[in-house]
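Dear colleague,

Please find below the sequence and structure that I promised to hand over. My notes on what was found follow directly after, grouped by the kind of contact.

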Amino acid sequence: MWNAKLYDDFSKERRQPSLDLVSRLNGRGFKRILDVGCGSGMSTSALVSAFGEAEITGVDLSENMIEAARKALPHVTFIQRDCENSDADLGKFDLIFSNAFMQWLDNQKNFIESSFEMLNENGVFAAQVPLSHLMPSRKCMDEAICALPESVRKTERKSTYLSAKFYYDVLSKLTDKLHIWVTDYYHIMNEHVDILNFFRGTALNPYTEKLDENEQKVFLDRVLENFKKAYPAQDNGKILFQFKRLFMIAEK
């Protein structure tokens, strides 16, 4: 589903949220860590840097991403599996970490509750989700996607973006030790095509892979024109690409 190479082209921008979330966990002694939706291993590498002595396992649906993760971190266990299903067979963990993954699940509430069941006492659930529905980029892409044939619009999975209120209501029934916050990242892009390429490895990929070369060009050109309208250039020609992300940490 994802294109690991295009995804990693913006490794700095994609890795920073993982680093920020991990920094909130420093000082804790985790023995077993599960990185759910580990992708190409960017989030896992942040965990390895902070908790190198821990037994770390990464799981992801994408074979392409898992292969990239294994090459990047050969000493870490990576398992290809559909995390829409329970990971309980993997045992108990001290930390269950999820970076930019939950929005792809059909039932996020069930995932959070199941994760808590897999935590040891005093274990931690830490997650980050993009708030794409609040960003102009989502509207830019949706407008172009709506013009595609219905057969192309039918992707395997669609993302669902929920509010902080939703996550609070779910987590507060499980624990009173929780923190929720939002961070706005401003990625400095050299040109608008950089924003396009940022999404070509993820949100746009399920559509472009179903189009031929000419159809891809028409579709991507339309998305690019929308980005140009939504993100005017700064005085020096650079583009400020704002990206909103919601973070949560909850202790069992």
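In which helix do Asp 221 and Lys 217 both lie, and how many residues apart are they? Before I answer, please keep in mind that this is a predicted model. Both residues belong to helix α11, where they are four residues apart, or about one turn of the helix. Their side chains meet in a salt bridge, with 2.8 Å from N to O. Lys 217 is exposed, because its relative accessible area is 53%, while Asp 221 counts as partly exposed because its relative accessibility is 32%. Elsewhere, Arg 81, Asp 87 and Asp 89 are joined into one network by salt bridges that share partners.

Helix α11 covers residues 213-230 and also holds Val 218, which counts as exposed because its relative accessibility is 60%. The C-alpha atom of Val 218 is separated by 9.6 Å from that of Ala 144, a residue 74 positions away along the chain.

**Other salt bridges**

The count of salt bridges comes to 10. One of them joins the side chains of Arg 28 and Glu 251, at 3.4 Å from N to O. Arg 28 lies in the loop between α2 (11-23) and β1, whereas Glu 251 lies in strand β7, so this pair ties together parts that are 223 residues apart in sequence. The two partners can also be described by their cover: Glu 251 is buried, because its relative accessible area of 17% is under the 20% limit, and Arg 28 counts as partly exposed at 33% relative accessibility.

Lys 109 forms a salt bridge with Glu 113, and here the closest N and O atoms are 2.7 Å apart. Because these residues are four apart in helix α5, Lys 109 and Glu 113 are separated by about one helical turn. Lys 109 counts as partly exposed at 38% relative accessibility, and Glu 113 is partly exposed as well, with a relative accessible area of 27%.

**Aromatic contacts**

The count of aromatic pairs comes to 16. Among them, Phe 101 and Phe 111 form an edge-to-face pair, with 5.6 Å from centre to centre and 70° between the planes. Phe 101 sits in the loop between β4 (93-99) and α5 (108-118), and Phe 111 in helix α5 itself, so that the pair links distant parts of the chain, 10 residues apart. Phe 101 and Phe 111 are buried.

Trp 181 and Phe 247 give a stacked pair, with 5.2 Å from centre to centre and 5° between the planes. This pair links strand β6, which holds Trp 181, to strand β7 (residues 239-251), which holds Phe 247, across 66 residues of the chain. Trp 181 and Phe 247 are buried too. The ring of Trp 181 has a further contact, since the charged end of Arg 24 sits over that ring, 3.9 Å from its centre. There is also a cluster, in which ring pairs link Phe 198, Phe 199, Phe 227, Tyr 231, Phe 241 and Phe 243.

**Strand β1 and Arg 32**

Strand β1 (residues 32-36) is mostly covered, with four of its five residues buried. It pairs with strand β2 (residues 55-60) in the parallel sense, over five bridges. Within that pairing, Glu 55 in β2 is the bridge partner of Arg 32. The charged end of Arg 32 also sits over the ring of Phe 93, 4.2 Å from the ring centre.

**Surface patch and backbone**

At the surface, Tyr 186, Ile 188 and Leu 240 form a nonpolar patch, and together they have about 310 Å² of accessible area. Tyr 186 is found in strand β6 (residues 178-189) and counts as partly exposed at 48% relative accessibility.

Two residues other than glycine deserve a look for their positive phi values. Ala 100 has phi near 55°; it lies in the loop between β4 and α5 and counts as partly exposed at 23% relative accessibility. Asn 122 has phi near 70°; it lies in strand β5 (residues 119-130) and is partly exposed, with a relative accessible area of 46%.

With best regards

Definitions and conventions
Residues are numbered from 1 along each chain as its sequence is written. This is a predicted model: local features need pLDDT of at least 70, side-chain atom pairs count only at pLDDT 80 or more; totals for chains, interfaces and linings use all residues. Side-chain values use heavy atoms; hydrogens and water are left out. Patches are made of residues with over 30% relative accessible area and no salt bridge: like charges are joined within 9 Å, nonpolar side chains (Val, Leu, Ile, Met, Phe, Trp, Tyr) within 5 Å. Accessible areas come from the Shrake-Rupley method with a 1.4 Å probe; for residues, only the protein chains shown count as cover. A salt bridge is a side-chain nitrogen of Lys or Arg within 4 Å of a carboxyl oxygen of Asp or Glu. Buried means under 20% relative accessible area, exposed over 50%, partly exposed in between (1.4 Å probe, protein chains only). Rings of Phe, Tyr and Trp (its six-membered ring) pair if their centres lie within 6.5 Å; planes under 30 degrees apart count as stacked, over 60 as edge-to-face and the rest as tilted. A charge sits over a ring if NZ of Lys or CZ of Arg is within 6 Å of the ring centre and within 35 degrees of the ring normal. Two strands pair if DSSP finds at least two bridges between them.
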